[in-house]
Amino acid sequence: MQAVLRSATRVPPAYFVFAALLLTLWASKPQMMNPNVLGIFIRQVVPLGILVLGQLLVMRVRSIDLSGAGVLLLVNYLIASGLLGGIPLPLILLIALGIGCLVGLFNGYLVAKRRVSAVIATLAVTVIITGFVQFLASGKPPGNMPALMNEIYKVKWGPIPLPVILWVMLSALMAIFLSRFVFGRFVMAVGENPTAAHFSGVPVARTVLVAHVLAGLFAGIAAIVQSASVAVGSLRLGLEMPIDAVAATILGGVVFGRGDGGVWGPFFGVLCFAFLFVVMTSFGVPEPGKQIARGLIILLAAIFYGLNTRN
Amino acid sequence: MTHSDTTTQNRSKPNRWIGRNSRQGNWLSALVIIVATTLLLFLTTDDFATPQNASNLLAQAMPLIIVAIGQMIVIVLAGMDLSVGSVMSLTTAILALDGSPLVLIPLVVLAAISVGLVNGIAIVRLNVHPIIATLSMQFIVLGFAQLLRPVAGGAVPEVVVMLVTGSVLGVPAPVFWAVIVICLGWKILHGSRFGLHLFAIGGGMASGQADTAHNFGLKDKRNVVLAYVLSALFAALAGFFIAGRIASGDPGVGAQFALDSITAVAIGGTQLSGGVGGLHGTILGAVLMALLANGMNLANLSAFLQGAIKGVILLLVVALQSRKKMGL
């Protein structure tokens, strides 16, 4: 009996929550259950989904990355403001990825080499970038996004939107990377026990640093997709996105201090968020209610694992 | 630098107050920077040395001093409370409700105690990481504040405004607040058995043996929960002060305070890894933050850039502290 219970609690809560939400949606709004509508819902969370791919990597090495908000804002501003006017689009996208990597490298240096608390370091990075971008824009929203990006964003392959395909492909790549490459083993070893990993010859600091750089890269990709999804640039991108990324990752079964967790648990965690906000909107829950739900999800998921890992 | 060699060096060098091995942390540099900043502002700006500005400065620094004391209580335990800003917002939102202050003020205390209890119990009993627990509480509490008061407005009871902006015998109320809060903080941290136990539990955590204090028979779990309750109560007190200053409720008023209070505590020499720190350092840190904000305002620096500069300061201070643990 206890063994059955234990194995049941090892399944990430994301799967149960996802099933429950899908059932609720099916019971309350059956007209929404067609592939086209669902595709649009899922397309909305693709930036979050890509951000989660980086988040799950850093969380598995017992770190956290809240600087995604800063990267998103900076890339969004750079593309929309026309500061890079005259530069062809592919180069702009490359610059966006470069920004992501640089921010990730900076985070990684602080966390792995200077041993700064990851929450503080990445929060401070977000605060600095946000203040800087708002200073550059002097509070005014920037201009329009290039139309081409939005057109590419809206391309569909059958009922499946292109961004969703990108997300699934990146997730698959990540899953292969983690399970088939040496770096994936390093990540698992550092997550299980950093001291043991160190004495077994795993380059702990370098693994953490590389995880942060990759998280920055994914934040850059997420920022590009997010920019493509809107027609006009915005300065009001809050901390919600990286917090949701943390929540989705915890929901998906990745916990600090345990090497567990794959790519697909958090994948379904993100899908939960897609449907959660649809369900809440359809029931008329106001914005503060969503805020409370966001907090409750993180807390309950963390408690679920906290009780599980307690000796 | 590990914790154990700090203590052995302490034995041969009895100076516990200042220096690299102080149990109070490096608070001296905060003092030096404060003196330097004050001198600089005194010499370069005309408006700095006026009584009006001095009174403004104290009123500006007061909420941060109050939150920072609460924040320090949990940072000494190697924890961190990210929900303080939301508790402040919730406090102003509750105080701006229609009702008698005799109902509203106990309601504020009750709200703060329950937030602290949830934080503490989640951390101690349910084994949740302090940062994750308080991060999620930050959103939950902010959600409740926004439910009560979606946008800034309303009016707080007259008593609250009077307690914050009034004056007795020509001495403005913030001076009394400062004296009372500092005495309270001193009693809790350095003048009570509870405070001593806090440093003992935190010191054990910093050296990597989280159960050291427990093995010595200290009621560590109970004390940790109490510390988070106190942190929330201090945040509510700061929210009370701000509600009196702006005379209305505002769900966005606490947004900056979680990071600002951590910065203030860290500048004051308190180690984020726990067990090392002093109340005077924290107060110096909070005053320094207010002084910098005041100076940047006098220099007409953009508010956005001020936010970025505060972020840089936090990063610098935290990067200069040494710590064994990597990650969170």
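The following legends describe close-up views of a predicted model with chains A and B.

**Figure 1. Overall fold of chain A.** The secondary structure of chain A consists of 15 helices and 2 strands. Its radius of gyration is 19 Å, close to the 19 Å that the globule rule gives for 311 residues, so chain A is as compact as a globular protein of that length. Measured out along the principal axes, the C-alpha trace of chain A spans about 60 × 50 × 35 Å. Of the contacts in chain A with a separation of 6 or more, 82% are accounted for by residues 24 or more positions apart.

**Figure 2. Surface and charges of chain A.** Buried residues come to 54% of the 311 residues of chain A. The chain exposes about 13,100 Å², and 70% of this area is supplied by carbon and sulfur atoms. Among the side chains of chain A, 20 are positive and 7 are negative. The centres of these two sets lie 5 Å apart.

**Figure 3. Overall fold of chain B.** Chain B contains 14 helices and 2 strands. For its 328 residues, a compact globule would have a radius of gyration near 20 Å, and the value for chain B, 20 Å, agrees. The C-alpha atoms of chain B fill a box of roughly 55 × 50 × 40 Å, taken along the principal axes. Residues 24 or more positions apart make up 78% of the chain B contacts that have a separation of 6 or more.

**Figure 4. Surface and charges of chain B.** Of the 328 residues in chain B, 55% are buried. About 14,000 Å² of chain B is exposed, with carbon and sulfur atoms supplying 68% of it. Chain B carries 17 positive and 10 negative charges, and the mean positions of the two groups are 17 Å apart.

**Figure 5. The largest nonpolar core and the surroundings of A:Trp167.** The largest nonpolar core has 216 residues, and those with the most contacts inside it are A:Ile50, A:Trp167 and A:Phe275. The element that gives the most to this core is helix 11 of chain B, residues 220–246, with 15 residues. With residues up to four places away in sequence left out, A:Trp167 touches A:Ile42, A:Val45, A:Val46, A:Gly49 and A:Ile50. A:Trp167 also touches A:Phe267, A:Val270 and A:Leu271.

**Figure 6. B:Ser231 in helix 11 of chain B.** B:Ser231 has a relative accessible area of 0% and is therefore buried, the cut-off being under 20%. Leaving aside residues up to four places away in sequence, B:Ser231 is in contact with B:Gly70, B:Gln71, B:Val74, B:Asp81 and B:Val84.

**Figure 7. B:Met289 in helix 13 of chain B.** Helix 13 covers residues 279–298. The relative accessible area of B:Met289 is 6%, so this residue counts as buried. B:Met289 and B:Leu64 are 225 residues apart along the chain, and their C-alpha atoms are separated by 8.5 Å. B:Leu64 is also one of the residues that B:Met289 touches, not counting those up to four places away in sequence. The other contacts of B:Met289 under that count are B:Asp260, B:Thr263, B:Ala264, B:Ile267 and B:Lys310.

Notes:
Residues numbered from 1 in each chain as written. Chains lettered and ligands numbered in written order. Predicted model: local features only at pLDDT ≥ 70, side-chain atom pairs only at ≥ 80, totals over all residues. Heavy atoms only, no water. Helix = DSSP H or I, 4+ residues; strand = E, 2+ residues; numbered from the N terminus. Rg over C-alpha atoms; globule rule 2.2 N^0.38 Å. Buried < 20%, exposed > 50% of the residue type's maximum accessible area, 1.4 Å probe, protein only. Contact = heavy atoms within 4.5 Å. Areas by Shrake-Rupley, 256 points an atom, 1.4 Å probe, with all protein chains shown as cover. Lys, Arg positive; Asp, Glu negative; His and termini not counted. Charge placed at Lys NZ, Arg CZ, Asp CG, Glu CD. Core = buried A, V, L, I, M, F, W, Y, C linked by side-chain atoms within 4.5 Å.
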